[in-house]
Amino acid sequence: ATNGNGNGNGHSPYLEDSRTGLGVDTLKRAIRNNLFYVQGKFPEIATRNDYYMAIAYAVRDRLLQRWVASVKQYIQEKHRVVAYLSAEYLLGPHLANNLINLGIYKETEQACKELGLDLDWLIEKEVEPGLGNGGLGRLAACYMDSLATLEVPAIGYGIRYQFGIFEQDIRDGWQVEDTDNWLRRGNPWEIARRELSYDIKFGGYVQTYLDRAGKLCFNWIPELVVKGVAYDTPILGYKVNTANTLRLWKSEAPHSFDFQSFNAGDYNSAVNSKIICENISKVLYPNDEQIEGKRLRLQQQYFFVSCSLQDMIGIHLRQGEKIHDFHKKFVVQLNDTHPAIGVAELMRLLMDVHQLEWEEAWDITSKTFAYTNHTLLPEALETWDLQLFGSVLPRHLQLIYEINRRFVDYATIKLYGNHQKISSLSLIGEGPRKYIKMANLACLGSFAINGVAALHSELLKKTVLKDWYELMPHKFQNKTNGVTPRRWMVLANPELTNLISSRIGEGWIKNLHELKGLEPFADDPEFRKEWMQVKFNKKKALAKRIKKRLGLDVDPNSMFDILVKRIHEYKRQHLKVLHIITLYNQIKKNPNMDVVPRTFIFAGKAAPGYRKAKLMIKLINSVGEIVNNDPDINGRIKVVFYPNYNVTNAQKIYPAADVSEQISTAGKEASGTGNMKLSLNGALTVGTLDGANVEIRECVGEENFFLFGLTADEVAKVKSEGYKPWDYYSENPNLKEVIDQINSGYFSHLDSKVFKELTDSLLYDDQYLLFADYQSYIDTQAKVEEAFKDQDKWARMSILNTARMGKFSSDRSIREYCDEIWKVESVPVTLD
Ligand code: GPU
């Protein structure tokens with residue numbers, strides 16, 4: 001049997017035991033054993049899930065060998081460690097990814113075959129851990145993959161939500177949410193560390209007293225104590241021995257739980273309190289870039305941050321190190337402001353638990369944290385009502401007041417009387433109600449602050465974080481996002497992976513810049529043919545899924561024009577709808593016109609409480625219903641809304657894209673990462689100069705990118721001059737026709753009120769400038785159509801596009817974080 005483990009260790013006979021061996025026979029034996037000894041089944045009665053579990057445990061054994069070796073080495077050699085703090089990890093299914101990173105996909109496929117099993121069929125039904133909303137959570141997952149692949153010691157900390165992002169169904173064109181009970185069949189990828197747990201306090205009050213030495217002390221008497229239990233998932237790098245830890249916290253009632261009420265016979269209230277404790281890690285908040293100022297959300301944030309920091313301090317002290325050196329052992333990256341309470345919590349732990357003085361505690365704290373900002377949208381900047389905050393975290397409120405007092409003293413001298421600036425920098429907002437500004441806490445408490453694309457990082461310095469930039473310019477950096485080529489190419493698109501590797505070898509999987517080597521093949525007609533054949537096959541496969549899921553026929557020869565991401569007004573899915581209706585009207589007026597057949601594919605979830613986003617989904621489906629069934633159109637354009645967009649579905653959609661729609665209002669999308677995955681898979685981008693689109697266009701060349709719309713500067717200018725969407729509407733007959741048509745009830749069974757909220761907001765406000773960009777978008781789409789007619793030229797563009805995407809690997813992003821922020825080094829792990 002071959003050995004797919006590219007590290008040279010796999011052939012040692014010592015490793016060829018049934019729990020570590022990577023050969024086909026050993027794998028086969030392991031699967032059979034697990035079916036018997038783990039699942040308690042034999043082939044005649046085993047279910048699909050039993051086999052899935054049997055394989056998963058076989059793979060897990062092999063992961064554990066590398067995990068134990070990694071942890072051992074990190075402890076013995078006392079390396080510096082990155083702690084990535086994130087409220088979300090959108091991991092996607094584990095099995096296939098682990099097979100790829102272990103280098104045993106083929107072997108496992110063969111082992112399954114010999115057992116009469118179809119590996120792809122087993123993988124198909126794996127439930128994914130949807131512990132995130134969208135880009136932010138997925139970025140965390142890509143970064144965990146790259147950290148391990150680059151052999152960097154790292155721990156990802158987060159929350160083990162019992163229910164992840166809701167499952168989306170579409171009924172009568174509307175989004176309907178269902179709960180995501182992802183743990184119902186068990187989770188073979190995690191290990192519960194019952195012994196690793198911490199007590200987390202909530203509410204109550206703070207006692208102040210003088211100790212025997214006359215020192216002022218603080219004693220937080222909580223109203224509620226919750227236990228956080230660690231659940232670990234190994235994250236293996238690609239063809240290396242490094243397996244890092246993703247440590248997610250589950251909330252439980254403490255052991256000694258409410259004994260008093262129990263003894264007093266109040267069983268109900270004891271059970272009730274248990275439920276309150278378990279509630280904290282119960283469910284992921286399904287809002288993307290919209291804060292929900294709920295007590296439970298603040299409790300979630302504090303819960304996982306406190307567990308994580310206590311865990312890090314424990315690790316540090318158990319290695320025999322001094323608390324004073326904490327910042328040398330750990331660097332803590334804040335994934336947005338969700339974990340920013342960590343700044344106050346580390347102060348509390350250092351002072352109230354480890355008895356440090358303020359100055360030293362602050363010195364350590366402000367050398368520990370670094371903060372990544374992911375949005376410029378003002379409504380996404382987290383604030384907490386001060387009263388609410390104080391009732392959940394009374395000690396932290398005191399600490400934040402004191403941090404702020406000292407900071408404002410400093411700022412008052414530095415900024416000499418500029419009261420407006422000082423109050424904008426203050427950690428506390430004034431008004432009818434006071435509030436805590438988490439971004440300000442993050443900025444003050446961190447030694448580095450970064451945006452997620454070049455444009456975004458520049459705009460941060462000019463807008464939302466301007467005052468911070470002027471006060472502390474040295475903290476500001478850019479780290480353009482990236483995506484892992486393992487999941488998004490090797491796993492999602494093995495056909496394209498093989499084609500690429502057949503010409504330039506496999507080096508690009510770890511060093512994406514090597515894709516450059518494909519450029520000469522754009523001139524090779526045979527290669528172009530194979531390239532387009534792979535694309536066609538992926539489109540056929542997606543068409544089959546669409547047929548199965550929606551009963552809708554789509555033609556794989558048509559252009560697959562794809563817009564998949566969270567539904568949000570700033571992302572402008574409704575601008576795409578305006579284009580579709582415009583095209584529809586053109587064909588209706590001239591049914592014999594020569595039109596390039598197109599399939600418009602949408603997917604994405606709307607936050608359950610975001611009415612306009614839900615209305616956008618209804619609009620897409622309503623327009624689809626008319627367009628798809630109109631005999632004049634005769635199938636030349638089709639509109640598809642693919643339900644329940646998640647990692648699993650994304651892996652099927654990206655490889656089938658001809659066109660990638662990245663059409664946010666310039667200045668609003670911090671980076672985007674779907675733009676990278678689609679482009680890497682050979683789709684050409686139609687986009688605004690927003691987020692990472694700017695850098696993608698720079699890399700692939702302007703001749704391979706369909707640019708439209710206002711720039712971020714122009715958007716700001718148009719707005720400052722008093723934007724009037726109505727003028728665009730009344731002066732552009734095609735635009736007017738489209739809007740009037742929606743308002744007439746043409747797409748809604750003559751009910752003219754359904755979409756009024758949406759059309760009114762466009763006509764009278766249009767915050768995101770759809771009307772201002774409309775004509776430019778339509779004109780650009782005509783160019784896309786022209787380009788697609790010349791398939792040979794399109795193939796050339798598509799190849800060059802992929803060949804020039806080397807920059808957008810998350811390996812590159814993580815390298816930059818390591819070198820420029822974290823100052824950590826690779827530690828190759830050896831298996832003994
Ligand atoms: N992003 Br803030 C989210 O997905 N959720 C959030 O709550 C916030 C940001 C996204 C940005 O919208 C996207 O542009 C970016 O690529 C991604 O974070 C990762 O940085």
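How many bridges pair strand S10 (residues 224–236) with strand S11 (residues 243–252), and in which sense do the two strands run? There are ten bridges, and the sense is antiparallel. That pairing is a good way into this structure, which is a predicted model.

## Overall build

Let's step back to the whole protein. It contains 33 helices and 24 strands. Its radius of gyration is 28 Å, close to the 28 Å that the globule rule gives for 832 residues, so the protein is as compact as a globular protein of that length. Along the principal axes, the C-alpha atoms fill a box of roughly 95 × 75 × 55 Å.

Buried residues account for 50% of the 832 residues. Contacts across the sequence are well represented too: among those between residues at least 6 apart, 75% join residues at least 24 apart.

## The nine-stranded sheet

Strands S10 and S11 belong to an open sheet of nine strands, ordered S7-S10-S11-S4-S1-S12-S13-S17-S18, with mixed pairing. At the edges stand strand S7 (191–202) and strand S18 (476–478); each has a single partner strand, so one side of each is left without a neighbour in the sheet. From one strand to the next, the twist averages 25°.

If you would like a residue pair to look at, take Ile 235, whose bridge partner in S11 is Asn 244. Helix H33 (residues 810–822) packs on this sheet, where it touches strand S1 (81–85), strand S12 (330–335), strand S13 (369–372), strand S17 (446–451) and S18. The direction of H33 makes about 165° with that of S18.

## A helix with a buried side

Helix H12 (residues 358–365) has Ala 361, Trp 362, Ile 364 and Thr 365 as its buried residues. These cover an arc of only 160° around the axis, which puts them on the same side of H12. Their packing partners are helix H10 (326–329), helix H11 (342–353), helix H16 (438–445) and S13. Strand S13 is thus a meeting point, since it is also touched by H33.

## An enclosed strand

Which residues of strand S21 point one way, and which the other? Ile 637, Val 639 and Phe 641 point one way, while Lys 638 and Val 640 point the other way. In a regular strand, side chains alternate between the two faces of the sheet. Five of the five residues of S21 (residues 637–641) are buried, so the strand is largely enclosed by the rest of the structure. Lys 638 is included among those buried residues.

Strand S20 (residues 598–603) runs parallel to S21, and five bridges join them. One of the paired positions is Phe 600, with Val 639 as its bridge partner in S21. Between the two strands the chain passes through helix H23 (residues 611–629), making a right-handed β-α-β crossover.

## Two positive phi values

Most residues other than glycine have a negative phi. Two residues here are worth a look in that light. Tyr 416 has a phi near 30°, a positive value, and it sits in the loop between helix H14 (394–414) and helix H15 (419–425). Tyr 416 is exposed, with 8 other C-beta atoms within 10 Å.

Arg 572 also has a positive phi, of about 60°. Its place is in the loop between strand S19 (559–564) and helix H22 (573–589). Is Arg 572 buried or exposed? Arg 572 is buried, with 26 other C-beta atoms within 10 Å.

Terms used: Residues are numbered from 1 along each chain as its sequence is written. This is a predicted model: local features need pLDDT of at least 70, side-chain atom pairs count only at pLDDT 80 or more; totals for chains, interfaces and linings use all residues. Helices (H or I, at least four residues) and strands (E, at least two) are DSSP runs, numbered from the N terminus. The radius of gyration is taken over C-alpha atoms; the globule rule is 2.2 Å times the number of residues to the power 0.38. A residue is buried if 20 or more other C-beta atoms lie within 10 Å of its own, exposed if 12 or fewer, and partly exposed in between; C-beta atoms are placed from the backbone. Two residues are in contact if their C-beta atoms, placed from the backbone, lie within 7 Å. Two strands pair if DSSP finds at least two bridges between them. Axes are lines fitted to C-alpha atoms, for helices over the stretch in contact, and angles run from 0 to 180 degrees between N-to-C directions. The arc is that of the directions from the helix axis to the C-beta atoms. A crossover is right-handed if, with the strands pointing away from the viewer, the path from the first strand over the helix to the second runs clockwise.
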